[in-house]
Amino acid sequence: MDHLSATTHELESGTGQARHMRICTARIDALDANASADAIIARAGTPTAVHLCNAYTLSIASKEPMFAALLDRGDLNLPDGMPLVWIARRLGIPLSGRAYGPDVMANVLDRGRALGLRHYLFGSSTNVLESLTTRIEERWPGANIVGAESPPYRELTDTEAEAATKRISSTSPDVVWVGLGTPAQDRFVDRFRDRISAPLVAVGAAFDFHAGTKKQAPIPLQRVGLEWAWRLANEPRRLAGRYVLGNTRFIAANVRERPRLVAGDR
């Protein structure tokens with residue numbers, strides 16, 4: 001853990017490869033999936049807001065100042081989409097790849113076994129959580145899942161939020177994985193960041209992918225940034241507005257305000 005903490009400090013302080021970008025008014029930390037796992041593991045058991053950002057996330061930030069401010073309050077805003085990787089490279093950051101939510105989660109679950117990390121799963125449906133827990137146990141024997149719950153499909157009331165805080169905290173998690181979909185999961189992470197002593201990681205569809213309830217796009221499509229097209233073809237009614245409007249807003253926002261590097265903007 002000491003080595004991981006030191007490595008993460010070097011990356012984030014600018015002495016390593018990571019830098020920070022401002023895209024669609026939001027700060028993005030240039031870390032790939034491996035470095036992102038390092039950063040999350042180094043913060044195990046420490047209150048930390050982790051957002052995985054893609055074009056859709058940033059399209060929301062471009063039109064909602066309060067959501068952009070929410071992201072800026074985040075401790076780690078990771079580049080989950082390939083367009084963010086391409087922007088980083090154009091800005092001179094040698095980013096090897098994206099911080100793809102399922103990969104980040106897999107890396108932490110895998111490497112966390114040797115460290116005895118305790119994981120809590122929050123989000124999705126009861127059926128998905130059951131499949132997810134089973135598959136994690138099969139793929140990563142020894143990964144310690146200390147709790148899993150499916151919350152209501154709406155924002156929690158103050159009373160519900162207090163109860164959820166107590167339930168999650170009672171398990172002493174090192175990492176809390178949040179799968180509520182964007183932007184609900186990001187709002188949850190921001191709301192609970194100072195209530196729970198663990199990184200809260202907004203990983204979206206990673207729950208469904210690891211549970212096997214939804215198929216991931218083929219790797220070649222992921223590498224060329226066409227995962228959105230795959231998902232749209234498989235769920236057109238649910239995702240049409242997200243991708244058609246979201247991608248358009250993302251492109252327009254980057255035309256209005258060119259992405260740039262930022263230093264010490266955390």
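In this predicted model, the side chains of Arg73 and Asp190 meet in a salt bridge, with nitrogen and oxygen 2.8 Å apart. Arg73 lies in helix H4 (residues 65–73) and Asp190 in helix H9 (residues 184–192), so this pair ties together parts of the chain that are 117 residues apart in sequence. The points below take up the salt bridges, then two helix pairs, then the surroundings of Leu58, and finally some backbone details.

**Salt bridges**

- Side chains of opposite charge can pair when their charged atoms come close.
- In this model the count of such salt bridges comes to 15.
- The two partners of the opening pair do not fall in one accessibility class, since Arg73, at 42% relative accessibility, counts as partly exposed, whereas Asp190, at 17%, counts as buried because buried means under 20%.
- Helix H9 takes part in another salt bridge as well, in which the side chains of Arg191 and Asp158 meet at 3.2 Å, N to O, and this pair links distant parts of the chain, with Arg191 in H9 and Asp158 in helix H8 (residues 158–170), 33 residues apart.
- Of these two residues, Arg191 is partly exposed at 22% relative accessibility, while Asp158 is exposed at 62%.
- A further salt bridge joins Glu257 to Arg260, whose closest N and O atoms are 3.1 Å apart; here Glu257 is partly exposed with a relative accessible area of 32%, and Arg260 is partly exposed at 37%.
- Salt bridges can also be joined into a network, and in this model Lys63, Glu64 and Arg187 are linked in this way.

**Helices H3 and H4**

- Helix H3 (residues 55–63) packs with H4 at an angle of about 120°, and the axes of the two helices are 5 Å apart.
- Because angles of 65 to 115 degrees count as roughly perpendicular and those over 145 as roughly antiparallel, an angle of about 120° makes H3 oblique to H4.
- The crossing of H3 and H4 is left-handed, and the contact is made by Thr57, Leu58, Ile60, Ala61 and Lys63 on the H3 side and by Pro65, Phe67, Ala68 and Leu71 on the H4 side.
- Sorted by class, the residues of this contact of H3 with H4 comprise seven nonpolar, one polar and one charged.

**Helices H2 and H6**

- The axes of helix H2 (residues 33–42) and helix H6 (residues 101–115) come within 9 Å and cross at roughly 50°, and H2 and H6 are therefore oblique to each other.
- The crossing of H2 and H6 is right-handed.
- On the H2 side the residues that meet H6 are Ala33, Asn34, Ser36, Ala37, Asp38, Ile40 and Ile41, and on the H6 side they are Asp103, Val104, Asn107, Val108, Arg111 and Leu115.
- By class, the contact of H2 with H6 has seven nonpolar, three polar and three charged residues.

**The surroundings of Leu58**

- Leu58 lies in helix H3 and, at 0% relative accessibility, counts as buried.
- When its neighbours within four places in sequence are left aside, Leu58 is in contact with Ile23, Cys24, Ala26, Ile28, Cys53, Leu71, Leu84 and Phe250.
- Leu71, one of these contacts of Leu58, is also listed among the residues of H4 that make the contact with H3.
- Arg193 can serve as a point for comparison along the chain, since Leu58 and Arg193 are 135 residues apart in sequence and 20 Å apart in space, taken from C-alpha to C-alpha.

**Backbone details**

- Most residues other than glycine have a negative phi, and most peptide bonds are trans.
- Cys24 has a positive phi of about 55° although it is not a glycine, and Cys24 lies in the loop between strand S1 (20–23) and strand S2 (26–29).
- Cys24, which is among the contacts of Leu58, counts as buried at 3% relative accessibility.
- Ser172 likewise has a positive phi, near 50°, in a residue other than glycine, and Ser172 is placed in the loop between H8 and S7.
- With a relative accessible area of 47%, Ser172 is partly exposed.
- The peptide bond from Thr182 to Pro183 is cis, with omega near 5°, and Pro183 is found in the loop between strand S7 (175–179) and H9.

Definitions and conventions. Residues numbered from 1 in each chain as written. Predicted model: local features only at pLDDT ≥ 70, side-chain atom pairs only at ≥ 80, totals over all residues. Heavy atoms only, no water. Salt bridge = Lys/Arg side-chain N within 4 Å of Asp/Glu carboxyl O. Helix = DSSP H or I, 4+ residues; strand = E, 2+ residues; numbered from the N terminus. Buried < 20%, exposed > 50% of the residue type's maximum accessible area, 1.4 Å probe, protein only. Axes fitted to C-alpha atoms, helices over the stretch in contact; angles between N-to-C directions. Parallel < 35°, antiparallel > 145°, perpendicular 65-115°, else oblique. Left-handed = near helix turned anticlockwise from the far one by under 90°. Contact = heavy atoms within 4.5 Å. Nonpolar A, V, L, I, M, F, W, Y, C, P; charged D, E, K, R; others polar.
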